[in-house]
Amino acid sequence: MLLTLRDISLRFTDLPVLDEVSLTIDEGERVCLAGRNGAGKSTLMKVIAGDITPDSGDIEHSSTLRISKLPQDIPAGLHGTVYEVVTEGLGKVGEQLLAYDRARHGDDEATLLELQHELEEAGAWDRQLKVDSTLSRMGLDPDARFEDLSGGLKRRVLLARALASDPDILLLDEPTNHLDIAAVQWLENFLLGATCALVFITHDRTFLDRIATRIVEVDRGKLYSWPGSFTDYRRRKSEALEAERQAHREFDKKLAEEEIWIRQGVKARTKRNQGRVKALEAMREEVADRRKVERRARIQAQFGEETSKRVIEARRLNCEIAGNVVLRDFSLKIRRGQCIGVMGPNGCGKTTLLRVLLGEHEPDSGKLIHGENLQIAYFDQTRRALDLEKPAFWNVADGAERIEFNGRSLHVLGYLRAFLFSPERAKTPTKLLSGGERNRLLLARLFAKPSNVMVLDEPTNDLDIETLEMLEDLVNGYPGTCILVSHDRSFVNNVVDGMLMQEGDRGFQFFVGNYDDWLRQRKEESAPRQKTKPVAAPAPANNKQPGKLSYKDQRELDQLPQRIESLEAELSELHTRMSSSEFFRQDEESIRVVRQQENQLQEALQGCFRRWEELEALQSVMKG
């Protein structure tokens, strides 16, 4: 046991955010905090971190427990080299290490000796080794300037900063936000090999399913622990809610019977019935204190006129931005009713691609044709359409009190209820809304106007899982055409029927199917093919036939696929073992041996891929 919360209560308003909750975190666990936006997940994480003191309850842990946190957003004002940013995360010891580093390059010998003595007394040299090894393990250049890095690399530096203190518990608040797929997959693999316990919040269901060993849900002030995967959690949560509804129905039926009895008057006043009266009063109090399940979002989009069958046609488009190829000889017909996903690394030109297809950015060459009657609704990930100084409701219809929605006149406040805004919250200045609330507000603004083409640029950031699923249902039921940019693999897999994937110097290329279909297709294309014909005997060295590999090289090339498959299977089995919470309850030597085995397998696998590429290239050259 690393940390225990016992009977913790905390309230900011009339209703408690945490109501006498208890939680234990064990070594090696990877706990996901789940729940709706505003349920109290971040508050619970702050209680665990010690940033918030609860109103009542006890927090138990050893005096040596170390907790580090990866913040949801990149802190403003961080600058310096990667080494400096990571070392600063060590607190006072980090300051001493950086001061010593600066003194080494100066002439003040006395200061250098004094700092060296302080570091030796604090046992800080081990911390410096930890910083160096963490940077090496995470593939970070210690001399690179933090302010010059991409968003994904900055988050990797912040993770290194959190890990350098060798924490027992690592807290991660939406760690995949604004990361591209490659960065998310790197983070998944890194965390699966981490030795510390993890407590994290995420809306990325693929990430959650792969990382979590337990889901702890924050719901109406209470905590509910669900071991296993997200799929198991959803099933068991649904069963629990149905059981709760049934219990409430039976309770309410009994209460109704008692209310009829109390109205009879005389019988209720007899001495022997006073206990029944008190029981009725207790039942009334229980119903009054009951916190109902919050209603689900009921988001709908207002559909406009039907478009022509051809919505957008691109003919041999070429486009470059800052030297990066966005489109190269690109042709595509997007037809009515299609849903196209757009994926690629951060900075590769996804938003530029959208602007080209919408006619807002002129391509370098080629022809773009739009169909008839296009009514485009554009979700901008930067939320520029929102006036942050105005109340939330003002942003729905630029200050108008009523909107026309599918032939009905609706008051804006009533319309926003479907997006989980109470009248009070709808009157809140937009700048005070959370990230998830701003995204819901932008969706409300978007769907209030008739459209037949939806363009969604990163709509899933900051949304809770339930709202994400509502958005999935909306996209799947939308009769028009949809083009969406997202790094959320589950969301993309569930809604799209075609993918525009960034392919380096080739720019964006179209593939039929969803993200998983694209992965399978790429794997099949990149896998070395087995030779079905028998290999001919090698020719004499002085009479070598042109256009063929040597017998030894050809045999090695033919055997590589099987070797790669075998290594991948071993590595997968090893990662399954390492993903178990029991793995980290072993002694350090046993964990070290397994990690060493993992490194050896990865090196062998990379070696096989490099050798395969070398042989394929050699064979291609020889064939001329």
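Helices (H or I, at least four residues) and strands (E, at least two) are DSSP runs, numbered from the N terminus. With that in hand, here is a friendly tour of the structure above.

This is a predicted model, in which local features need pLDDT of at least 70 and side-chain atom pairs count only at pLDDT 80 or more, while totals for chains, interfaces and linings use all residues. Residues are numbered from 1 along each chain as its sequence is written, and side-chain values use heavy atoms, with hydrogens and water left out.

**Overall picture**

The protein has 20 helices and 20 strands. Its mean pLDDT (the predictor's confidence in each residue, from 0 to 100) is 82, and 87% of the residues reach 70 or more. One stretch to treat separately is residues 531-546, where pLDDT stays under 50. For that stretch the model has eleven contacts beyond four places in sequence, a contact being heavy atoms within 4.5 Å.

Of the 624 residues in the protein, 46% are buried. Here buried means under 20% relative accessible area, exposed over 50%, and partly exposed in between, with a 1.4 Å probe and protein chains only. Among contacts between residues at least 6 apart in sequence, 68% join residues at least 24 apart.

**Helices H1, H3 and H5**

Helix H1 covers residues 41-49, and its buried residues are Lys-41, Thr-43, Leu-44, Met-45, Val-47 and Ile-48. Gly-50 follows H1 and has a positive phi, near 85 degrees.

Helix H3 (residues 92-104) has 13 residues. From its first C-alpha to its last, H3 reaches 18 Å, close to the 18 Å expected at 1.5 Å a residue; the expected span is 1.5 Å times one less than the number of residues. Its buried residues are Val-93, Gly-94, Gln-96, Leu-97, Leu-98, Tyr-100 and Ala-103. What covers them includes helix H2 (82-88), helix H4 (109-122) and helix H5 (125-137).

Asp-132 has its place in helix H5. This residue counts as partly exposed because its relative accessibility is 37%. Ten residues along the chain separate Asp-132 from Pro-142, and their C-alpha atoms are 8.3 Å apart.

**Residues in strands and a loop**

Val-218 lies in strand S8 (residues 214-219), and it is buried because its relative accessible area is 2%. What does Val-218 touch, not counting residues up to four places away in sequence? The list is Leu-18, Ala-34, Gly-35, Ala-39, Gly-40, Lys-41, Leu-44 and Leu-223. Lys-41 and Leu-44 also appear among the buried residues of H1. The C-alpha atoms of Val-218 and Leu-44 are separated by 8.6 Å, with their positions 174 residues apart along the chain.

Ala-397 is found in the loop between strand S14 (376-379) and strand S15 (402-405). At 22% relative accessibility, Ala-397 counts as partly exposed. Its C-alpha atom is 7.9 Å from that of Val-412, 15 residues apart along the chain.

Two residues other than glycine have positive phi values, and both are in strands: Arg-316 and Asp-329.

| Residue | Strand | Phi | Relative accessible area |
|---|---|---|---|
| Arg-316 | S10 (residues 310-321) | about 50 degrees | 55%, exposed |
| Asp-329 | S11 (residues 324-335) | near 50 degrees | 41%, partly exposed |

**The cavity**

How many cavities of 30 Å³ or more does the structure hold? There is one. On a 1 Å grid over the protein atoms alone, a cavity is a set of points where a 1.4 Å probe fits but cannot get out, and lining residues have an atom within 4 Å of a point. Grid points are joined across faces, edges and corners, and a volume is the space filled by probe spheres set on the points.

About 90 Å³ of space lies in the largest cavity. Its lining has 13 residues, of which Thr-176, His-203, Asn-461, His-487 and Asp-488 lie nearest the centre. By class, the lining divides into two nonpolar, eight polar and three charged residues. In this scheme Ala, Val, Leu, Ile, Met, Phe, Trp, Tyr, Cys and Pro count as nonpolar, Asp, Glu, Lys and Arg as charged, and the others, Gly among them, as polar.

Note on methods
1 Å grid on protein atoms, 1.4 Å probe; cavity = no way out; pocket = protein on both sides within 12 Å on 5 of 7 lines; lining within 4 Å.
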